[in-house]
Amino acid sequence: MASTIFIQTPFQSKSLNKSLNTHFVPSFKLPVSLSFKPRTAAFSKRVHIRAGLIEPDGGKLVDLYVSKPERELKKREAASLPKVKLTPIDVQWVHVLSEGWASPLTGFMRESEFLQTLHFNSLRLDDGSFVNMSVPIVLAIDDLQKASIGESNRVALLDSDDKLIAILTDIEIYKHPKEERIARTWGTTAPGLPYVEETITNAGNWLIGGDLEVIAPIKYNDGLDRFRLSPVELRKEFERRNADAVFAFQLRNPVHNGHALLMTDTRRRLLEMGYKNPILLLHPLGGYTKADDVPLSWRMKQHEKVLEDGVLDPETTVVSIFPSPMHYAGPTEVQWHAKARINAGANFYIVGRDPAGMGHPVEKRDLYDADHGKKVLSMAPGLERLNILPFRVAAYDNTQGKMAFFDPSRAQDFLFISGTKMRTLAKNKENPPAGFMCPGGWEVLVEYYASLTPSDNDRIPQPVAA
């Protein structure tokens, strides 16, 4: 069974008008490490260990599903309501909201929540405290849909097959400021941003917010639903395993031995700090990704091989799919990724180079500074309870014939194998240096690229199912 484990420290509300503190793990004092000058030295061994799962944002996970006895009643009510058709990405956001990943949000954002997210990357709660919220979770409609809704305060949300997904209640319709949304979320309005082109450019000029009543759990029937554990299910699994620390690692790429080295070394350091049962949450992103990313089904197949080959220990690793779509919005989006893991119980979050980043869509450079993601995470409002674990750089050590932490004093001994190089080797059915990736995982990657077939325009390859 796929699952994850996280732990918590007691909730402490932080006011935004206080001095900004950083919370990198390396200068550790639990429940959170605070320092004006983030350090990346070894963990301090003076640690006060606390057990128990971290509270979700707002103190309680939201559950937006309609109870089974009420489902038929809600379906009858929906029949007479105005209808809004959801895109597949909209359905993914319903999934995210319904399970409480975005707690304390109870539905698509109304204007006040949208503006706070855009301008503050946080939401103010009724008690004056703040929770992090860095990406807008909104639903766009066009002029015709707005007119059809009229004065109704509820709408039925349907998928592409006209199946009822949810009812949106106590609705609010407001203008969709596309340019401002794009500029503030991505820091640029350059053409070619994948999520923008997929979901915003041709979207309606209005946003509709409200509370969700979701008819039934979202299922994809792709053979992977067993991996899609909700925050509630994850928390139960963590408790079942008696975890006293959980460190989360998000990825949207195949796992190589450099990743594995980082994750096993993190567990070693947590054990040295005094934890008895730290558990790794290997948490691949399962929503929308851009066309040239390896599809979820193939990534999951590769991750399973990594566990089968013993690169990661199945007894201390839990694999679960995170249902969120991917924005590729760098330091802004990585806050969302971290916040969502708090709601599942995480108190440690591994962050690497250029998290949630991508190449600039027009210029030949990275869109974001490679170090800004981890720096922003260490200071982000609403994430004070989360301990940030910065990456240590790993590369292929030619002297040892395996992945190792980079030693600048002998830089000539190390080989950096880029994602582009890895893809080229796999496409050509060539093997990387021994020790770069487990053989079973590499075979999956080669099989994936061999499965690609040219599209109708002969430019973008189309993957077949794993």
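Start by selecting Asp-162, which is found in the loop between E5 and E6. The model on the screen is a predicted one.

**Stop 1: the loop at Asp-162**

Look at the backbone of Asp-162. Its phi is near 65 degrees, a positive value in a residue other than glycine. Widen the selection to the hairpin of E5 and E6, where five residues lie between the strands. Is Asp-162 buried, partly exposed or exposed? Its relative accessible area is 49%, so Asp-162 is partly exposed; the exposed class begins over 50%.

**Stop 2: the sheet**

Now select the two strands on either side of that loop. E5 and E6 pair in the antiparallel sense, with five bridges between them. One place to check the register is Leu-157, which stands opposite Ala-166 in E6.

Keep Ala-166 selected and look to the other neighbour of E6. Strand E7, residues 206-214, runs antiparallel to E6, and eight bridges join the two. The bridge partner of Ala-166 in E7 is Val-214. Ala-166 is therefore a useful residue to label, as it has a partner in E5 and another in E7; strands of a sheet pair through backbone hydrogen bonds, either parallel or antiparallel.

Return to E5, residues 154-158, and add E1. These two strands pair in the parallel sense over three bridges. Here Lys-85 has Leu-158 of E5 as its bridge partner.

Show the whole sheet next. In what order do the five strands stand? The order is E1-E5-E6-E7-E4, in an open sheet with mixed pairing. Strand E1 (83-85) and strand E4 (140-141) are at the edges, and each has a single partner strand, so one side of each has no neighbour in the sheet.

**Stop 3: a cis peptide bond**

Select Ser-103 and Pro-104. The peptide bond from Ser-103 to Pro-104 is cis, and its omega is near 10 degrees. Pro-104 sits in the loop between H2 and helix H3 (111-120).

**Stop 4: the second largest pocket**

Select Pro-88, Gln-92, Tyr-220, Asp-222 and Gly-286. Of the 35 residues that line the second largest pocket, these five lie nearest its centre. The pocket holds about 900 Å³ of space. Rolling a probe the size of a water molecule over the atoms shows where empty space is left.

Colour the elements around the second largest pocket. Those that give two or more residues to its lining are helix H1 (71-78), helix H2 (88-99), strand E6 (164-175) and helix H9 (296-308). Which element gives the most to this lining? H2 does, with three residues.

Colouring the lining by class gives 17 nonpolar, eight polar and 10 charged residues. Then colour by domain. Domain 1 (70-214) and domain 2 (225-451) both give residues to the lining of the second largest pocket, so the pocket lies between them.

**Stop 5: salt bridges**

Side chains of opposite charge can pair when their charged atoms come close. The whole structure has 30 salt bridges; a few are visited here.

Select helix H8, residues 257-273, and show the side chains of Arg-269 and Asp-265. Both residues lie in H8, four residues apart, which is about one turn of the helix. Their side chains meet in a salt bridge, 3.4 Å from N to O. Arg-269 counts as buried because its relative accessibility is 11%, and Asp-265 counts as buried because its value is 9%; the class covers values under 20%. Add Arg-268, Glu-272 and Arg-392 to the selection: together with Asp-265 and Arg-269, they are linked in a network of salt bridges.

Move on to Lys-290 and Asp-292. In this salt bridge the closest N and O atoms are 2.9 Å apart. Lys-290 counts as buried at 18% relative accessibility, whereas Asp-292 is exposed, with a relative accessible area of 53%.

Next select Lys-374 and Asp-371. They form a salt bridge in which the closest N and O atoms are 3.8 Å apart. Asp-371 counts as partly exposed, at 34% relative accessibility.

**Stop 6: the loop at Lys-429**

Finish at Lys-429, in the loop between helix H12 (419-427) and helix H13 (439-451). Its phi is near 55 degrees, a positive value in a residue other than glycine. With a relative accessible area of 60%, Lys-429 is exposed.

Note on methods: Residues are numbered from 1 along each chain as its sequence is written. This is a predicted model: local features need pLDDT of at least 70, side-chain atom pairs count only at pLDDT 80 or more; totals for chains, interfaces and linings use all residues. Side-chain values use heavy atoms; hydrogens and water are left out. Two strands pair if DSSP finds at least two bridges between them. On a 1 Å grid over the protein atoms alone, a cavity is a set of points where a 1.4 Å probe fits but cannot get out, and a pocket is an open set with protein on both sides within 12 Å along at least five of seven lines; lining residues have an atom within 4 Å of a point. Grid points are joined across faces, edges and corners, and a volume is the space filled by probe spheres set on the points. Ala, Val, Leu, Ile, Met, Phe, Trp, Tyr, Cys and Pro count as nonpolar, Asp, Glu, Lys and Arg as charged, and the others, Gly among them, as polar. Domain bounds come from an automatic or database domain assignment. A salt bridge is a side-chain nitrogen of Lys or Arg within 4 Å of a carboxyl oxygen of Asp or Glu. Buried means under 20% relative accessible area, exposed over 50%, partly exposed in between (1.4 Å probe, protein chains only).
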